[in-house]
Amino acid sequence: MNSIPADSIFTGHDRVVSQPSLGVLGAGTMGTGIAQLLLASGLQVTVYDPHGDALSRATRAIEQGLGRLMQKGTLTAEFCSSALKNLTCTSTLSNISKLDGVIEAAPEDFALKVQLLSQVADVLSPEAFLATNTSSLSVSALAAALPDPSRLLGIHFFNPVHAMSLVELVRGDATADDVFERAWDLVEQIGKAPIACRDTPGFIVNRVARGYYGEALRLVGDHGAEPEDVDRALVLGLGFPLGPCALMDLIGMDVNLSVSRQVWQAFFYEARFAPHPLQQRLVDTGRLGRKTGHGFYRYPRAEITTPSEPSLPVRPLRVMFAGQSAALDAWARPLVAAGHHVELFGDHLESIAPGDWDGAFEIGEALPEVRAARRARLASCLPGNAWIASDDLSVTSTEIEVATGRVAWRFCAWPGGQSDVRKGIEVAFAPHCPEMRQEQVRALWQSTGREMLCGPDLPGLIGPRTLVMLINEAAFAVESGVATPEAIDRAMCLGTGYPCGPLEWADRVGPDRVVALLRTLRELFGERYRPAPWLVRRATAGWPLSDSPASSQRWR
Ligand code: NAD
């Protein structure tokens, strides 16, 4: 291997001198990515790593990375060659003394980082800033071990650095305003999107996203849901880019468990962050995901497909809609367009005459007893072989069947992340619902161009249950001053590819419905689902969640 001896310095010729010179401490995955990004932005970069072979690997990876940018036409050959001349690699710490700032990307070990940052603080000029790329350690705690804690902040890049535009700028308790401002400007200068957040476990993205994995693990581990059903409900039903099970396989079960455990421990074993035994079992049995060829899925594996064309013979059905008038039209219209015979009764249930109905929809928020009364009235007008469909998330389909004596199924009426035209509709039947009935419902949705996505018969279904956990965590984060609602929404969209920020999504669903579902889940499954007081207050007052006044609130 062409390794660089531990004490040598690789210095380019004919430097481009006009830009600030920065250091990257650690030449691993993140350090290499960060260094390449800085070089591609025209900056002078010194990479420090005590291991010469790590420096050699980083140099090669940077050359290849810049080469790819050149091939894509993003950078010119001249720029690439001068960018490479701006790269210095060293295993000697004193060689970084003249830098304007450093970004530390050394292993995630508190003692190691403190020692490294303290040595660097001694070597650098007092004006130079210090940044850490830590994912899970406290920036304030690292800073407290330095002679001048005001110099340190967190600049948290996401992997792969070149592809992920989000950078969380973490303000430690003592971080000086000018240090934060300089880092903000630097992140903008290198073409990334800085989002300010307070120093708190998991910062924004790794904290708010925990529920995406946590609910999937519970649905599969505790309730027997199939991973594929969970993923399809979230991807085809709500518009997430990748289902949580497929995502955990991609991240690596061990990496995901480690982050889950760190956040959970840092919050002193708060139930919202508790890892799940299924995660541990998958790790213990080597089912780490794509990297071992087996996680929730076996690899290679076909990705989730788009909805199939309607395949079943569809006879026109005669269905009625009862409930909240505003909700009826949106759900009835596609059925009418598909040739079904539909009648809307709103809340005028006394005008329904018993007849040869195939089924009835009971839709729209109301008190539980009002909804139960609606369904009882509908059942009294339906023939014995007809079904009742409801968007009630507070009960199971089994409960509706027992109460009405009719086949019952529930469906997710919540809006998807980007538009209300969804590729699939999540549906839950009572266990033992005859296959033939399920096929009739599948054909009904297929006739409207949407796939039926089956999940377990649980209150909250898969999609809404997962979504309220994301919303609730975002609300807890707002409440504790981690970041503004606007910043949290933006961070989640940029950092995870969610189709909509959780707080904006909550406004589309209705904060009161979010709170109602969390309360139902809390009653059934415990404190993990306790709604954030900020969320409850805003829902009670009828205020939106995402109406932050200010990008001017760059930090709070
Ligand atoms: P890595 O293991 O790939 O690289 C760490 C590098 O640090 C290695 O090259 C190692 O030789 C070097 N190193 C060891 N001791 C050192 C020292 N005393 N001084 C300087 N360098 C030293 O790790 P990584 O995945 O690049 O992660 C680095 C940091 O970035 C961690 O704090 C991690 O939590 C954080 N982070 C990682 C990711 C990710 O997805 N990998 C994402 C965001 C943040």
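These legends describe close-up views of a predicted model.

**View 1. The ligand and the residues around it.**
The shell around the ligand holds 23 residues. Met-30, Asp-49, His-51, Glu-108 and Lys-113 are the closest of them. Sorted by class, the shell has 11 nonpolar, 9 polar and 3 charged residues. The elements that give two or more residues to this shell are α1 (29-40), α4 (110-123) and β7 (152-157). Of these, α4 gives the most, with 3 residues.

**View 2. Polar contacts of the ligand.**
Three residues are picked out here, each with a polar atom beside a ligand oxygen. For Lys-113, the atom belongs to the side chain, and the distance is 2.7 Å. For Thr-29, a polar backbone atom lies 3.0 Å from an oxygen atom of the ligand. Ala-106 also takes part through its backbone: an N or O atom there is 3.3 Å from an oxygen atom of the ligand. On its own, the ligand has 830 Å² of accessible area, and the protein covers 75% of it.

**View 3. The largest pocket.**
The ligand takes up space in the largest pocket. This pocket holds about 1200 Å³ of space. Its lining is made of 42 residues. Phe-158, Asn-159, Asn-206, Ile-251 and Val-255 lie nearest the centre of the pocket. By class, the lining divides into 22 nonpolar, 16 polar and 4 charged residues.

**View 4. Elements that line the largest pocket.**
Several helices and one strand come together in this view. At least two lining residues come from each of α1, β7, α7, α8, α10 (244-251), α11 and α18 (485-496). The top contributor is α11, with 5 residues. Both α1 and β7 also give two or more residues to the shell around the ligand.

**View 5. The largest cavity.**
The model has 3 cavities of 30 Å³ or more. The largest cavity has a volume of about 80 Å³. Its lining counts 14 residues. Nearest the centre of this cavity are Arg-210, Gly-214, Ser-260, Phe-273 and Ala-274. Two helices, α8 (210-223) and α11 (253-266), give two or more residues each to the lining. The largest share comes from α8, with 5 residues. By class, the lining has 5 nonpolar, 5 polar and 4 charged residues. Both helices, α8 and α11, also supply at least two residues each to the lining of the largest pocket.

**View 6. The cis peptide bond before Pro-160.**
Asn-159 and Pro-160 are joined by a cis peptide bond. Omega is about -5° at this bond. Pro-160 sits in the loop between β7 and β8 (166-171). Its partner, Asn-159, is among the residues nearest the centre of the largest pocket. The strand β7 gives at least two residues to the lining of that pocket.

**View 7. The cis peptide bond before Pro-300.**
A cis peptide bond also runs from Tyr-299 to Pro-300. Here omega is near 5°. Pro-300 belongs to the loop between α12 (277-284) and β10 (318-323).

**View 8. Phe-203 and its backbone angle.**
Phe-203 has a phi near 50°. That value is positive, in a residue other than glycine. Phe-203 lies in the loop between β9 (193-198) and α7 (205-208). The helix α7 supplies at least two residues to the lining of the largest pocket.

Methods. Residues numbered from 1 in each chain as written. Predicted model: local features only at pLDDT ≥ 70, side-chain atom pairs only at ≥ 80, totals over all residues. Heavy atoms only, no water. Near = heavy atom within 4 Å. Polar contact = N/O pair within 3.5 Å; in protein donor to acceptor, adjacent residues only side chain to side chain. Areas by Shrake-Rupley, 256 points an atom, 1.4 Å probe, with all protein chains shown as cover. 1 Å grid on protein atoms, 1.4 Å probe; cavity = no way out; pocket = protein on both sides within 12 Å on 5 of 7 lines; lining within 4 Å. Sits in = over half its atoms within 2 Å of the grid points. Helix = DSSP H or I, 4+ residues; strand = E, 2+ residues; numbered from the N terminus. Nonpolar A, V, L, I, M, F, W, Y, C, P; charged D, E, K, R; others polar. Points joined across faces, edges and corners; volume = space filled by probe spheres on them.
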